[in-house]
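Reader: Please take a close look at one part of this model for me, the charged side chains. I would like to know where they sit and which of them pair up.

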Amino acid sequence: MKQFYQRCFAVLLLSLLTVAAYAQKPVTGTVTDGTRNPVPGVNVKVKGTATGTVTNGDGKYTITVSEGAVLVFSMIGYTPKELTVGAASTLNVSIAENANALNEVVVTSLGIKKETKALGYAVSTVTAKEITQAGSTNFGSALYGKAAGVKITTAPGGSSSAVNVQIRGINSLAYNRQPLYVVDGVMIRNDQQNGPGGANNNGGLGNPNGSGFGANDRIKGNGMLDINPADIESLTILKGASASALYGSDAASGVIVITTKKGSKNRGLGIDFNYTASIENAAFLPEFQNEYGPGYDAATNLGANGNAEGWVTDATSPGGLRPYFRAYGQYGPKFDGRDVKWWDGSIRPYVAQPNNYKDIFDTGFNSNANVSISNQTDKLNYRFSATRMDYKGITPGSKQQRNTFGLNSTIKMSDKLSADIVVNYMNTKTHNRSGLMGNVLNSFDGFFSRAEDMDLLKSAYQNSAGYKYSLNGSNRPEAFIYNIRATGILDFFWNQYKNSYDETENRLLSSATLNYNIINKLKLRGRIGSDVTATTTEDKRYSEYPLAYNGTSSTGSYAAIKGNYSILYGDALLTYTDKIASDFDFSLTGGFQSRSENYKDQFAATTNGFISENWFTLSNSLGTIDNGIDPNNLKTKRQELLKYAYVGIGNFSYKNYLFLEATARSEYSSTLPPQNNNYQYYSFNSGFVFSEALKLAEPFSYGKLRASYGVVGNDAPIYESNIAYSQSPIQSVNGSVPSLTLPSKYGNLNLKPERKYETEIGTELRFFKSRVGLDVSYYTNHIEDQILSLTTSPSTGATSQLVNVGEIANKGLEIALNGTPVSGKDFSWNTRLNYSFNRSKLVSLNGTVPELIFYEAEASAVRISAKPGESLGNIYVYPRATNAAGQYLINDDGFYVIDKSRYVNAGNILPKAIGGLTNTFRYKNFTLDFTADYRFGGQMVSPPLKYATGAGMYTNSLDLRESGITLEGVNETTGAVNTKHISGAEYYMNEFDWGNNAWNEKATIYDNSFIKLREAIIGYTVSDNFSKKLGMTNLRVSLIGRNLFYFWKTIKNLDPEAPVGNQWYSQGVDAGSTAATRSFGFSLNAKF
Amino acid sequence: MTFSGCKKSLEEKFYNPEVSTTASLPGFLTDLINNDRVRPSYWNLRTFLLMHSAVYSQTTFFTPDNAMYEQQDGYTNDYWRDYYSPGVLGIYRAMEKTYAALPEAEKASKQIYMEAAKIVLYDQTAQMIDNFGDIPFSEAGSLPSSNIITLPKFDDQVQLYNLVLDGLKSSGTFFATAKANADFTKADILNSGSLTKWQRYANSIRFRLLMRISNVNEAVARPAVLEMLNNSTTYPLVDGENVLDYNPLLTDILLRPLTNFADDLTKALNELPSFYAPDYMLNTVMNPSNDPRIPVYFDKYGTTTASTGFVQNPTYRAMPITFTASQVETENTKYAVIDSATIWMNQYLPGPVITASEVNFLKAEAQERWGSTELAKAHYETAVSQSVTFYYYLNNLSLKGNKEVKPTPAAINTFVTTSTIAYTGTTGNKLNQIGTQKWLHFGFLQAQQAWAEYRRTKIPALTFPTGGKAGFATPPTRLLYPSIEKTNNSVNYQAVQAKDTRTNKIFWMP
């Protein structure tokens, strides 16, 4: 804002003083962009003067200048262009879009606008075009590969699933793992209501063995999904501590500052219409084997059914044999097409069903329509936008709809007083959101055989009366005649097709900003904003069988869940701007910022099933209504938080090429124990545009050095440091009695906030008339007093305690390279490549524990843990035991002996490098954009891959089936060379089995590198002559594709992006996800 | 804007409004007693008893499987957590801290909470030792004690057993002269303030544990047991006053379900599945003696077809333990299942802590080994009759299914004295009868006790099919420590790591 006023005043003053020294003439022209579309709102200035104008809605301008004068055409998001006025009175200009344009203005902390040039730290900006062009349903998944040092992960499941953003490595081991989102100056809710557990995290610290099995494992969304991409004007990512220091304890993981689109830049009414439609399919599926059906190794088959091959003798089956439907293994008889009796009583041929996994999923679609109206008058400038999204994911039975309305207006009350009012309303309905398929893919009760026809499973989840399937032995009508294995998939269909889980969310984001220009040099800005969400969820589960089959309890359930979340934000900034000498400018700002957050959740559900079948109401509960107050599973809860801070900012600049900024913040937070609830942050940064200071000539177009130092932090999650007791009224034989219990997660009344100290240096260089650009940043930081819910042995009386556990450190390099190799009238090519690497390590621990264990699986055989001095993300496993000579020990059964006395490092879940490549080609009216992103190095832990390989699901288990194998090594007792020959089935079923006797080093850890074609867009701009006949301008049609294919990936049978969760290590652990997708579609943009 | 109230507001918002910072001994005692590891709850049965001790003692049916004897680490983690964090131990440490902070003048009147809590704690602690051997105890619970983490050592199981035995003795003595008060009576959801029941509970658990160590440490067990048996007024026991037709509710220690509990064991029993009758129990022990408990233990079950509807099986039979998985699959409807009224659809089913029948079996064993065989016979016959009474009592609590009519005293007497279970033969035969009938009485509801006594006595003479998975051919003799403790207390675990095998013996195993 400050900059804006400085400029306005300069214009005002200079225009009064300017004297017409030369003969002046009117010059007109049209400014177009790379796709030959007219660009409205471009500043056209006479260089060296304050004379200027702005292009209108058709990109046209008229200005009166003298011959020989230089016109500067500039606009945010475009490389400025200078042209000398010649004899001609028409001067048409093409300006190139550029996300890294130098003289642009970016919105920084507290909504303060600054010239990029003045910044002493790295920011990444992403343009509106980049966010919307590929038809992403949210802005997060449009950021893949587009900003150096920013790692995006989209949970599978489509538009309703959370998108996680990780900026510059690991900033907190346990909490506040997502960046702060600031929309139009107001901090918004991302997923704070979920508390420290976050969304989509199974297991994790405090429960490193948790697998999420049996949990409500629907993949949750997060708050950033609600921000409509079509309404975003610009997006700035503040990466380092200096950039975000003014946000203090919320900014340790970076800040994403979003500015929504404002009213039109020129007078008159404008209408914009955008439509995107795409279809989505399951993609990158495992390679299933289709040769063998259900069964185990010969000995197990014999033991189970008396037939070594795996058949079950059954006189009622044609030929007297039937498949072993209960087997999870796929080592049974080869498919031979014979007729056999199936578990539903039908006679079916014994053949493979190659597509049965693919057939689980539907074809999804996404339709997104956006209309906006904007206008500007003397007093009022506004934009109103309405968007409708309809989405159907590939997960059977799931869909989502969202309506978004936005109003962004500026009211000019007087020359001294103006107000910005922004209101956004979103209404989202989600039906049966996608879930993790851990119960299908990560569980032996989910494995369906290669012989199962998905159409049969999709019909068998309910019987002819609409009740849930009945297993063999249940003695209920239509029970399966044989035991089957894949009940997990049947439960999945029952949940997705029959039951309903309907979420409605209404969210209102609003902000009002008052700018008051008290006197020339003194300005006051006050802002209040709020983010209010009301959610209701209805969980309806149908009666599973008739009441006649009930025991004491019944089936079916109804739950009504309500959430009310609100953030009230306010700030006030008083800024004084002046000059000390003609070359020395400064400004001083003092301010206050406060925020209160309030999260209320209420839960009520039937218990023990329904009294009357399928009547969905709480009054139909058989048991006492569960009101969510069980201290071990608190669902009805209140959370409140208050934070406020005093801030001060000093800005100094010398000759507009040397800049210095200092900030300070004294913050108070209610989440910390009272004696530790006030703490301070500060930062310094400096930018030096040496190309101007040293007057460097071509090929040097621009050169700048940056240096910064900053401190940010992290307070505690709400209430987590409390030490207190939960009381519940229990209905005992003595009547209602209070029962006082202790928390299993223990608090800490001496807790201190986390502090992150970061130093960053960087440079921006441009060559050859800015056709080649380079931006490099190097940072190093350490974060002290890591707050962690430290897992402890239960024998200490609790499973975890919140402690300041120690210190971690990161260092990293970010490089962004951009170039315009070709820039012609008909053909141009823009390219941008970015690369970043980050190393994180655990520096020290406070001595309570020798090491931190973040994740553990397979009866402790696999863990992600760190000791002081080690890199974060290291994977440790039990190795195969060896003798003194290094030979592998083999047991009497012919399998490796696993050494459970020690761990070996088997990799690291974090990538060595990430980044992306974006290219834009233009040929006449056609454009081709594509973005590829990559990840090199690092591993993924995937127990589900182990189980499925062990069960013989994939082609990778075919090799040893005929030959068997004799493992190389010596017998553990005799020391003789191992001669015990084992079959392929025995090998896979044991070495890839659940638990710590398997060869986990090979079976659960997989290299994870890839290069993926993320987006490709072919666009065609209809010529204005034609589109005007339709009453439109700027008509553009595009074909879009997302997640098209992998150029290369190292991990087989699993999508590298399968994991969910927002803990720092979540993306390195697969817990049984759902399928990844590929989408195609088109989009249409027009102005009226 | 004025924010003068901000600082105060910060402190107000620090504490969760849903929790309390005030400690209360009655509130803690209620929480400590209210234990779903004692009640027949879904989770404890489904994930712990029916997958471990009930299988290892054959008090439940189980489907033959490669890994049928393999311990479930994740579920063992849960069991371990439920003892410590907070569990009975964690809550007891909080009570100790609360008690220590009381003014000296108040301590005497509050001791009753501590003594009652100690009995429950020691009862549970002994069960932990029976499962695992050495466990962290003396240094355990540092967080509720002192708000800081101190990783505890594993205490020696023999010394810990001695501590438990001594503690139970002193608590029993305490309750002989203690005075109740209204707050205690309300908070005591186990015995509703009955001090004699607490005294008998402490004495009887001590009796059970003395017998448990009697095979390896007879020198300690024998005199202590005989002292108790010969001074029944000083050491009253949970023995139903030796009345055959006693009222279990009045004299047994039973943890009853909460009154708003409206569930049952249907899921717990049919998920694995576990609801079929166990072979040895029904075919070998109960059918030959025509046991009058058969109708309350089991249902005949039957087959449903579209044409005939449900046709009940003619007799009570259990599937042979040698059945293959596919035989189980096709044959199961022809065999008996656990009784729905008594057990799996009985929402009032209490958790048996200790019952008169068990105590009388223990008396019988003590007398047979160290006293008079005539007295042993009397105790044995009392015990079997009380078991019949107990199971008919459970059956009659139920709202579901058929309530069976209890056989006449004469019929029970005929069964006890003249059937194949009659107390005759050699001492070995007699001890075998005692052990077998006690095992039958425990069933899967007290599978931990059944498994412990089976390991101590090797009675009854069970045969176990061989498990196919390498290293898991037979049931274990103890449970492995759960990974959650090994991982997070690795320093202290190292001291017991060598003993942490599935074939190592608990110290009381001969």
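Author: Asp445(A) is a place to start: with a relative accessibility of 32%, Asp445(A) counts as partly exposed, because buried would mean under 20% and exposed over 50%. This is a predicted model, and the relevant scores are ipTM 0.91 and pTM 0.84. Asp445(A) sits in a loop of chain A, between helix H5 (438-441) and helix H6 (454-460). Its C-alpha atom is 6.0 Å from that of Thr487(A), although the two residues are 42 apart along the chain.

Another charged residue of chain A in a loop is Lys912(A), located between strand E47 (904-908) and strand E48 (913-923). Lys912(A) has a relative accessible area of 44%, so this residue too is partly exposed. Together with Lys811(A), Arg839(A) and Lys841(A), Lys912(A) forms a positive surface patch.

Next come the pairs. Side chains of opposite charge can pair when their charged atoms come close. Over all chains, the count comes to 76 salt bridges. One of them, in chain A, links Glu758(A) to Lys756(A), with 3.8 Å between the closest N and O atoms. Both Glu758(A) and Lys756(A) are buried.

The remaining pairs are in chain B, where the average pLDDT is 94 and 99% of the residues score at least 70. Arg212(B) and Asp130(B) form a salt bridge in which the closest N and O atoms are 2.6 Å apart. Arg212(B) belongs to helix H11 (residues 195-213) and Asp130(B) to helix H7 (residues 104-132), so this pair ties together parts of chain B that are 82 residues apart in sequence. Arg212(B) and Asp130(B) are both buried.

Helix H11 of chain B also holds Arg200(B). The side chain of Arg200(B) meets that of Glu241(B) in a salt bridge, at 3.1 Å from N to O. Glu241(B) lies in the loop between helix H12 (218-230) and helix H13 (248-251), so here the parts tied together are 41 residues apart in sequence. Arg200(B) counts as buried because its relative accessible area is 17%, and the cut-off is under 20%.

Salt bridges with shared partners also build a network in chain B: Asp130(B), Arg212(B), Glu365(B), Arg369(B), Lys438(B), Glu453(B) and Arg456(B) are joined into one. The pair of Arg212(B) and Asp130(B) described above therefore belongs to that network.

Notes. Residues are numbered from 1 along each chain as its sequence is written. Chains are lettered from A and ligands numbered from 1 in the order in which they are written. This is a predicted model: local features need pLDDT of at least 70, side-chain atom pairs count only at pLDDT 80 or more; totals for chains, interfaces and linings use all residues. Side-chain values use heavy atoms; hydrogens and water are left out. pLDDT is the predictor's confidence in each residue, from 0 to 100. Patches are made of residues with over 30% relative accessible area and no salt bridge: like charges are joined within 9 Å, nonpolar side chains (Val, Leu, Ile, Met, Phe, Trp, Tyr) within 5 Å. Accessible areas come from the Shrake-Rupley method with a 1.4 Å probe; for residues, only the protein chains shown count as cover. A salt bridge is a side-chain nitrogen of Lys or Arg within 4 Å of a carboxyl oxygen of Asp or Glu. Lys and Arg count as positive and Asp and Glu as negative; His and the chain ends are not counted. The place of a charge is taken as NZ of Lys, CZ of Arg, CG of Asp or CD of Glu. Helices (H or I, at least four residues) and strands (E, at least two) are DSSP runs, numbered from the N terminus. Buried means under 20% relative accessible area, exposed over 50%, partly exposed in between (1.4 Å probe, protein chains only).
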